[in-house]
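Colleague: I should like a close look at a single part of this predicted model, followed by its setting in the rest of the chain. Please treat the backbone first and the pockets afterwards.

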Amino acid sequence: MSVKVDIKSLNPKGFQNYEKSFRKQIKDKMNTAGNLVRNTAVQSILGGSKSGKVYEKYNPRRTHTSSSQGQAPASDTGFLASNIAFNVKEGGMVAEVESKAKYSKFLEFGTQNMKARPFMFPALEENKPRIRRMFATTKGKAK
């Protein structure tokens, strides 16, 4: 013979409130985490000087300095930066940061003819300690 004791059987209403509170905190923190990573990726593209090749571009005519290998891509038109978005899914348990520019993967990972100019993975790595600290303080509240 056995007796099973679980949290739900002890206080079902209290557990539901705790779970609801906990899930809301997680969803809020996932939104913050996704936004942090997105903003860092965008800033790495738009901010700072790049040390790659300088050349003239036309239509419209302008001077462009490209990024060197290992640096985040240099912004030219702003298309790459403006196409980075995040979405929280799976009930708030997953934050997905995505670059929707078709050439993003070539910049992030490189090609046979071009070394990588990563911007997504470094943005995640830079924010990991902060995100971990955010989640370390997550506690549900029973009502």
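Colleague: In which loop is the place of P60?

Modeller: P60 has its place in the loop between β1 and β2 (62-65). The model is a predicted one, and this loop deserves attention for its backbone. The peptide bond that leads from N59 to P60 is cis, its omega being near -5°. N59 lies in the loop between β1 and β2 as well, and its phi is near 65°, a positive value in a residue other than glycine. Most residues other than glycine have a negative phi, and most peptide bonds are trans. With a relative accessible area of 74%, N59 is exposed; the cut-off for that term is over 50%.

A positive phi occurs also at E90, which is not a glycine and has a value of about 50°. E90 is found in the loop between β3 and β4. This residue, too, is exposed, with a relative accessible area of 59%. The strands on either side of that loop form a hairpin with 4 residues between them. Strand β3 (residues 84-89) and β4 run antiparallel and are joined by 6 bridges. Within this pairing, K89 stands opposite V94 of β4.

As for the setting, the protein contains 5 helices and 4 strands, arranged along the sequence in the pattern α-α-β-β-α-β-β-α-α. Of its 143 residues, 31% count as buried. Among contacts between residues at least 6 apart in sequence, 55% join residues at least 24 apart.

The strand β1 leads on to the pockets. The largest pocket has a volume of about 330 Å³. Its lining comprises 18 residues, of which H64, P73, A74, D76 and L107 are the closest to the centre. The elements that give two or more residues to this lining are β1 (54-57) and α3 (79-82). By class, the lining of the largest pocket has 9 nonpolar, 6 polar and 3 charged residues.

The second largest pocket, with a volume of about 180 Å³, involves one strand of the hairpin described above. Its lining consists of M30, A33, G34, V37, A95, V97, M120, L124 and I131. Two or more of these residues come from each of α2 (12-46), β4 (94-99) and α5 (120-136). The largest share, 4 residues, is that of α2. In the lining of the second largest pocket, 8 residues are nonpolar and 1 is polar, with no charged residue. Thus β4 both pairs with β3 and gives residues to the lining of the second largest pocket.

Finally, the confidence of the prediction should be kept in view. The protein averages a pLDDT of 87, and 88% of the residues score at least 70. Confidence is highest in α3, at a mean of 97, and lowest in helix α1 (residues 7-10), at 57. Helix α3 is also one of the elements that give two or more residues to the lining of the largest pocket.

To return to the part you asked about, the loop between β1 and β2 holds both N59 and P60, and the peptide bond from N59 to P60 is cis.

Terms used:
Residues are numbered from 1 along each chain as its sequence is written. This is a predicted model: local features need pLDDT of at least 70, side-chain atom pairs count only at pLDDT 80 or more; totals for chains, interfaces and linings use all residues. Side-chain values use heavy atoms; hydrogens and water are left out. On a 1 Å grid over the protein atoms alone, a cavity is a set of points where a 1.4 Å probe fits but cannot get out, and a pocket is an open set with protein on both sides within 12 Å along at least five of seven lines; lining residues have an atom within 4 Å of a point. Grid points are joined across faces, edges and corners, and a volume is the space filled by probe spheres set on the points. Ala, Val, Leu, Ile, Met, Phe, Trp, Tyr, Cys and Pro count as nonpolar, Asp, Glu, Lys and Arg as charged, and the others, Gly among them, as polar. pLDDT is the predictor's confidence in each residue, from 0 to 100. Two strands pair if DSSP finds at least two bridges between them. Buried means under 20% relative accessible area, exposed over 50%, partly exposed in between (1.4 Å probe, protein chains only). Contact means heavy atoms within 4.5 Å.
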